[in-house]
Amino acid sequence: MALIRLKSRREEFEWQAKQPDQHMMAGRSVELTAAVNLAIKEAISVSLGSRLLDLGCGDGSLLELLAPQIAQGLGVVPTVIQVNRLRETHGQLANVSFAVGAADHVDALEGTFDVIVCNSVFHYLSNADEAFAALLEMRRLLAPGGLAFVGEVASQKEIRQSHSPVTYVAFLVRNGRMRDAAYIVRQVVLAAAGCRDYVWLSPFEDLCLTQDEMTTLARHAGFTDVLISPTPRYSTRFDYQLR
Ligand SMILES: C[S@@+](CC[C@H](N)C(=O)[O-])C[C@H]1O[C@@H](n2cnc3c(N)ncnc32)[C@H](O)[C@@H]1O
């Protein structure tokens, strides 16, 4: 079996967590995720006392990178299978833990975190109501003076592999995302050659929020300071620093 069509987001996350390469859990190559992590590290500032929440933590590599520089880190993902895999791969990090949760529900007291990162997650949410609920949850969890970094928020319709890998690659090329396009092409070629059991065919479209929509939602959720910057390697996504 080389090409798989997944039926739900949940199935997509669980399938990723079962792959031999743990970095699949971030949905991109390890090199790209490492570059993303460095960009996030530069954008946020952590200190030895920081309590960090990585909401939708993928392969857990951001927490691994920042663990020596923070007091505590929590990674949250939607399924038990993901949490188990993360515990397996990052069990040696004494100040980092993992839990099942969702962008709009994390089992923690209000004001628990100094920094919250929620990167490349918002496009998975169903609609603007769920995005608003996620922003409210982040506001609740953030300690006074804390920072929420909501990264890679899609602001232009993104065509997913669901339609066809060809249209998706064309979309990526049109938007200057050559490395992402090369990554997808590589996955398809490997799958077609039978070397890898992979092409992620998700039947869902991404949620895309304009900068105005995101800003309005963030302000209604209680964030008074909204700083927007283009996501470094994307022409179609933006990062938000919310205080
Ligand atoms: C593309 S990966 C990004 C991972 C990581 N944040 C990064 O930037 O490398 C998306 C992550 O969000 C998680 N996710 C998707 N929907 C979510 C939701 N509603 N609540 C919390 N996490 C979610 C996925 O399980 C996955 O770990």
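Trainee: Why is Ser120 called buried?

Mentor: In this predicted model, Ser120 has 22 other C-beta atoms within 10 Å. A residue is buried if 20 or more lie within that distance, so Ser120 counts as buried. Ser120 sits in the loop between strand 5 and helix 5, and although Ser120 is not a glycine, its phi is positive, about 60 degrees.

Trainee: Which other residue that is not a glycine has a positive phi, of about 55 degrees?

Mentor: That residue is Glu152, which lies in strand 6.

Trainee: What makes Glu152 count as buried?

Mentor: Glu152 has 22 C-beta neighbours inside 10 Å. The cut-off is 20 or more, and therefore Glu152 is buried.

Trainee: Why does Asp129 count as exposed?

Mentor: Asp129 has 11 C-beta neighbours inside 10 Å. A residue with 12 or fewer is exposed, so Asp129 falls in that class. Asp129 belongs to helix 5, and its C-alpha is 9.0 Å from that of Leu217, although the two are 88 residues apart in sequence.

Trainee: Which residues of helix 5 are buried?

Mentor: The buried residues of helix 5 are Ala131, Ala134, Leu135, Glu137, Met138 and Leu141.

Trainee: How do you know that they are on the same side of helix 5?

Mentor: They cover an arc of only 160 degrees around the axis, and therefore they lie on the same side of helix 5. Their cover includes strand 2 (51-55), strand 5 (113-119), strand 6 (142-154) and helix 8 (211-220).

Trainee: What makes strand 2 mostly covered?

Mentor: In strand 2, 5 of its 5 residues are buried. Arg51, Leu53 and Leu55 are on one side, with Leu52 and Asp54 on the other. Such a division is explained by a general pattern: in a regular strand, side chains alternate between the two faces of the sheet. Strand 2 is joined by 5 bridges to strand 3 (residues 72-77), and the two run parallel. Leu53 stands opposite Leu74 in strand 3.

Trainee: How do you know that the span of helix 7 agrees with what it should be?

Mentor: Helix 7 (residues 178-192) has 15 residues, which should span 21 Å at 1.5 Å a residue. The end C-alpha atoms of helix 7 are 21 Å apart, so the two values agree. After helix 7 comes Gly194, with a positive phi near 80 degrees.

Trainee: How many residues surround the ligand, and which are the closest?

Mentor: There are 20 residues around the ligand, and the closest are Gly27, Gly56, Gly58, Ala103 and Asn119. The shell divides into 13 nonpolar, 7 polar and no charged residues.

Terms used: Residues are numbered from 1 along each chain as its sequence is written. This is a predicted model: local features need pLDDT of at least 70, side-chain atom pairs count only at pLDDT 80 or more; totals for chains, interfaces and linings use all residues. Helices (H or I, at least four residues) and strands (E, at least two) are DSSP runs, numbered from the N terminus. The expected span of a helix is 1.5 Å times one less than its number of residues. A residue is near a molecule or strand if its C-beta atom, placed from the backbone, lies within 6 Å of it. Ala, Val, Leu, Ile, Met, Phe, Trp, Tyr, Cys and Pro count as nonpolar, Asp, Glu, Lys and Arg as charged, and the others, Gly among them, as polar. The arc is that of the directions from the helix axis to the C-beta atoms. Two residues are in contact if their C-beta atoms, placed from the backbone, lie within 7 Å. Two strands pair if DSSP finds at least two bridges between them.
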